[in-house]
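The exercises below ask you to read the sheet and the pockets from a model, and each is followed by a solution worked in steps.

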Amino acid sequence: SLMQHIHQALENGILRLSFNRPERKNAITTAMYEALAQALDQANSDPAVRVVLLTGQPGVFTSGNDIQDFLNNPPSDTQSPVFRFLHALSHLEKPLIAVVDGLAVGVGTTLLLHCDLVYATPEARFQLPFVNLGLVPEAASSFLLPKVAGYQRAAEMLLLGEVFTAEQALAAGMLNGILPSNQLLEHALGVAHKLAEKPAQALRLTKQLLKQPYLSQIQQTMRAEGVQFIRQLSSPEAREAFSAFIEKRKPDFSKLG
Ligand code: COA
């Protein structure tokens with residue numbers, strides 16, 4: 001079913017959405033994007049939801065888009081589940097807290113740029129490997145990351161696509177705090193409880209005011225990225241990168257223009 005790999009639990013006004021596909025490092029499939037998009041859209045209209053918490057499991061938040069799924073079900077237009085998810089993410093009206101215990105690759109990192117609060121463990125590792133995969137940035141990260149981290153740092157993360165640490169993510173302005181694994185969820189839940197007790201209307205309006213100045217640029221960037229992303233997905237560069245991943249070898253781009 002749609003919800004098989006996304007766990008949902010609503011308790012005391014806190015909607016907890018968890019990536020739950022540990023055998024694939026929580027790699028996200030089209031069904032998972034669809035489930036998340038629906039859950040986020042419903043959160044907007046459900047008065048019982050005061051705050052949304054997004055988590056993975058100890059050791060892994062998510063390894064990003066499922067590369068096998070990229071080959072089997074590539075997004076063909078901006079109505080595809082991945083883009084529906086990104087739209088829902090950028091239009092969520094309630095506070096969104098991300099809890100990153102471990103790996104956060106690709107969209108696992110770019111989605112954090114849309115969250116209101118982000119907490120991670122000292123061992124958390126982030127990566128934006130789009131170029132390495134023959135792809136381009138998504139989730140408006142080509143706009144949001146330079147804004148958050150500064151141009152040079154964003155260029156380094158997006159052009160080189162190397163793994164960076166929680167300490168580096170904090171220094172880049174992408175995190176609110178770093179907590180040991182055994183305190184992380186408790187801390188995030190504590191913050192979520194505080195938010196859940198606040199006046200919902202004032203909270204919603206404040207988030208709207210914080211996000212509003214950038215909303216149209218975010219949508220514009222997502223559209224522009226989406227066009228190039230879909231184009232690159234069927235490029236020889238991406239084909240080589242995906243084959244290399246599946247065959248567990250180093251990609252060779254030397255023969256491609
Ligand atoms: N898509 C598809 N399968 C994935 C995946 C992904 N994004 N991430 C992990 N998996 C699979 C692995 O292929 C492996 O499958 P196998 O058991 O059949 O060999 C399984 O999940 C476990 O992952 P593994 O690579 O053994 O774990 P690791 O701890 O050594 O490495 C990662 C974890 C995330 C660093 C590594 O799997 C990786 O680089 N994944 C790809 C990340 C990526 O490029 N995402 C796309 C961003 S757009």
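Helices, such as the one that gives the largest share to a pocket lining below, are DSSP runs of H or I with at least four residues, numbered from the N terminus. The model is predicted.

**Exercise 1.** Determine which element gives the largest share of the lining of the largest pocket.

Solution. Begin with the pocket itself, which has a volume of about 780 Å³ and is lined by 31 residues, with Ser63, Asn65, Ile67, Leu133 and Phe245 lying nearest its centre. The elements that give two or more residues to this lining are α2 (67–72) and α10 (236–246). Of the elements, α10 provides the largest share, namely four residues. Sorted by class, the lining holds 17 nonpolar, seven polar and seven charged residues.

**Exercise 2.** Identify the element that gives the most to the lining of the second largest pocket.

Solution. This pocket holds about 560 Å³ of space, and among its 26 lining residues Leu113, His114, Cys115, Asp116 and Lys211 lie nearest the centre. Two or more residues come from each of α3 (81–90), β7, α5 (141–149) and α9 (200–233). The most come from α9, with eight residues.

**Exercise 3.** Establish the strand order of the open sheet and name its edge strands.

Solution. The six strands follow the order β1-β2-β3-β5-β7-β10 with mixed pairing, and β1 (6–11) and β10 (177–178) are the edges, since each pairs on one side only. Within the sheet, β5 (residues 96–100) and β7 (residues 117–120) pair in the parallel sense over four bridges, and Ala98 stands opposite Val118 in β7.

Conventions. Residues numbered from 1 in each chain as written. Predicted model: local features only at pLDDT ≥ 70, side-chain atom pairs only at ≥ 80, totals over all residues. Heavy atoms only, no water. Pairing = 2+ DSSP bridges. 1 Å grid on protein atoms, 1.4 Å probe; cavity = no way out; pocket = protein on both sides within 12 Å on 5 of 7 lines; lining within 4 Å. Points joined across faces, edges and corners; volume = space filled by probe spheres on them. Nonpolar A, V, L, I, M, F, W, Y, C, P; charged D, E, K, R; others polar.
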